[in-house]
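Trainee: Before I rely on the labels attached to a model, I would like to hear the reasoning behind them. Could we go through a few together?

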There are 2 protein chains.
Amino acid sequence: MSRVVEFETIDVRFPTSALLDGSDAMNPDPDYSAAYVRVGTDAADGLEGHAFVFTIGRGNDVEVAAITALKSYLLGRDVEGILADLGGLWHELVYDSQLRWLGPEKGVMHMAIGAVVNAFWDLKAKRAGMPLWQLLARLTPEELVDLVDFRYLSDALTREEALGILRAAEPGRAEREALLLAEGYPAYTTTPGWLGYSDEKLERLSREAVAEGFQQIKLKVGGDRADDLRRLAIAREAVGPGIRIAIDANQRWDRDEAIEWIRELEQFDLAWVEEPTNPDDVLAHAAIAKAVSPIPIATGEHGGGRVMFKQFLQADALQVLQIDATRVAGVNENIAILLLAAKFGVRVCPHAGGVGLCEAVQHLSMFDLIAVSGTLDGRMIEFVDHLHEHFVTPIDVHSGRYWAPTAPGAGTEMLRSSIDEYTRG
Amino acid sequence: MSRVVEFETIDVRFPTSALLDGSDAMNPDPDYSAAYVRVGTDAADGLEGHAFVFTIGRGNDVEVAAITALKSYLLGRDVEGILADLGGLWHELVYDSQLRWLGPEKGVMHMAIGAVVNAFWDLKAKRAGMPLWQLLARLTPEELVDLVDFRYLSDALTREEALGILRAAEPGRAEREALLLAEGYPAYTTTPGWLGYSDEKLERLSREAVAEGFQQIKLKVGGDRADDLRRLAIAREAVGPGIRIAIDANQRWDRDEAIEWIRELEQFDLAWVEEPTNPDDVLAHAAIAKAVSPIPIATGEHGGGRVMFKQFLQADALQVLQIDATRVAGVNENIAILLLAAKFGVRVCPHAGGVGLCEAVQHLSMFDLIAVSGTLDGRMIEFVDHLHEHFVTPIDVHSGRYWAPTAPGAGTEMLRSSIDEYTRG
């Protein structure tokens, strides 16, 4: 038996704004940052749990304060007890009635809970000697539904229905795991499309993306309509007709403006339109999706929690669901969202990039393939080539695919040298 | 010309959990708290701006950290410039692209921005020598719409429509101000109905409420169905058939459970059912409202921002809109919400109680009466008799009504002695 003896929180910031990597219409100069947590135990194995909330700079200190506020809940606790019931840990923290007031179930405090839950998932996977995707994919349907809080979901998905989905996917788990290990998981790249890049850089990176094997690229739009038309023409010319191009407006538009703007850009054969308007606006997304059909609407990176995703699915307000590894309350809530997507038959194409989001979210898609949706149809994980060098087990993306990690853990541990170099102080 | 020279943030907590004041089905033991901010200037008048975010205990430190993160935006700034364009201050803080990632526009960071904006409204009203309600009610329609961000609202309310609403209410402003000063604003009381109170205390406080002149009381429900039936019977017997009884489930139910539970309680002639389920669930509220019609559904105290309120109105998911003084980004955003309610013809009955929420929110309802909706029809402000003694200008509620404050300011300044006594240390 071991105890939690360390709970370190760190404000890690990378000065990415200097290069305009990550620039889009709402986020012109992000400094990719991590509100980081490290959980240590007194076990002889020396294993630690590492996780973080991704932010884009200012406010990372607030997120660190929120994670730090959870320290007293964990320090001194029995590690085996926590790891044996991570659904219980989720429930304990999310339903703390006083903390709940700060959301409820969304925003700074909810993401902080996610980081803590994910740190224990990292530790659990390391102890199991498996990458997180594999650990999850080998849980029974009953163990998986015990991780999920079905409160507020019963009008769309009950525990029994979730069990049914998971049981239906049990046959073939081993074959799909073998397929994943042999062939990887499809990726698409956002690397060419940042708004801050010149036309020349856009064209060069678009061509390189195709040469590297990507079947889809994504461009940021929504700043200026003439710019969007010109940049889409450059990208379409560069990649040719056979490669998919998605666009991402990063919440720039109001409802009717979105519809009008998308209709002008649809000539470039759009794979999807991402975040056309405010990410909480279920009704506006539903109206936009209906108006521009069959162009799919994608959203989710700012989806505060499972209740918002439930509504987007119920209202047919998204056709591509983009989970994010650190926006909701951790692995458990993302399992709930994967189950909702499977129930509604909607494909999941995770948001990634930032710092460490690729490393973290790949595990969820790979788990989904093996144990939930059971399919790769239309699915792919975002890839952005930033900051991977700071992780102990960086992603392996080549030939347009994510190659399944085999190292134990959740992929969320940053190199100590990077943490120390980029700690804000 | 003066500058901002002080920006003090304080973690103020009252140990209310010891008495079970404020206990409900989701919040069994709140410690009413304020993440408090005090803005000082170098002007000779010595006036300060005071404001806060209300929380219920743990996590108040996180909210203080979020307000503190805004200090560098304000310190040293030109006070007159800020006060002349509080719409500009709102926009500057809400659209800070890096901070925005933490919401966007909801939760801990959004509430922190609200506290800062409200502190400057307090200062502006003190400088003008007027209570906030009067200051607001004397602004022109053009000045008022300049305070509001219409982004994401245009599918429900444009700037021009808002101007039309405000211009239509201009005739009669003086008469309604005189009426307000002579007759006060209707109140209802939640004091009898906390879940932690005994049946005897519920009965006694219900009778006292009627004797004090209240026309409506509110009971917490949703913990246990048999308890709810018994407590409602006691309360109905105590107040008689002529007094309205509202119930508040504090988010306890799922959609179908809510419908079923409300149907069992409707025999007691319910004035409204408050927070039946998750406060972000527009679609579930719409379904519940349709199923239990004509019983009105009330919600809003956890409404993260104007985009959520817009959707609740568009979907006919609430019939009583409950603004909260410290949940959204301050006075400006509440003006947007009042305008939305006026556009949809829905009555506004603010959430209050906690610590200082009565003091703060009364100004918004009084402003609404004079300059926005122009009516008292069906409207009333929640009253809870807790912690008013800690404020410099406590509310004046008697004869079942709020009596309009006349002291300059927003009502949000706490006594220094109370701050010092209850600062967490």
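Mentor: What follows takes some labels one by one and sets each against its criterion, bearing in mind that this is a predicted model.

Trainee: Why is B:Asn250 called buried or exposed, and which is it?

Mentor: A residue counts as buried if 20 or more other C-beta atoms lie within 10 Å of its own; B:Asn250 has 21 such atoms within 10 Å, and is therefore buried. B:Asn250 sits in the loop between strand S6 (244-248) and helix H13 (255-265) of chain B, and has a positive phi of about 45° although it is not a glycine.

Trainee: What makes A:Ser399 count as buried or exposed?

Mentor: The limit for exposed is 12 or fewer C-beta atoms within 10 Å, and A:Ser399 has 11 C-beta neighbours inside that radius, so it counts as exposed. A:Ser399 also has a positive phi, of about 55°, without being a glycine, and its place is the loop between strand S12 (397-398) and strand S13 (401-402) of chain A.

Trainee: How do you know how the two copies are related?

Mentor: Chain B is superposed on chain A by a rotation of 180° with 0.0 Å of shift along the axis, at an RMSD of 0.0 Å; the copies are thus related as by a two-fold rotation axis. In chain B, the C-alpha nearest that axis belongs to B:Gly107, 2.6 Å away from it.

Trainee: What makes you say which surface the copies meet through?

Mentor: Of the interface residues of chain B, 100% are also interface residues in chain A, so the copies meet through the same surface.

Notes: Residues numbered from 1 in each chain as written. Chains lettered and ligands numbered in written order. Predicted model: local features only at pLDDT ≥ 70, side-chain atom pairs only at ≥ 80, totals over all residues. Least-squares fit on C-alpha atoms with pLDDT ≥ 70 in both. Contact = placed C-beta atoms within 7 Å. Helix = DSSP H or I, 4+ residues; strand = E, 2+ residues; numbered from the N terminus.
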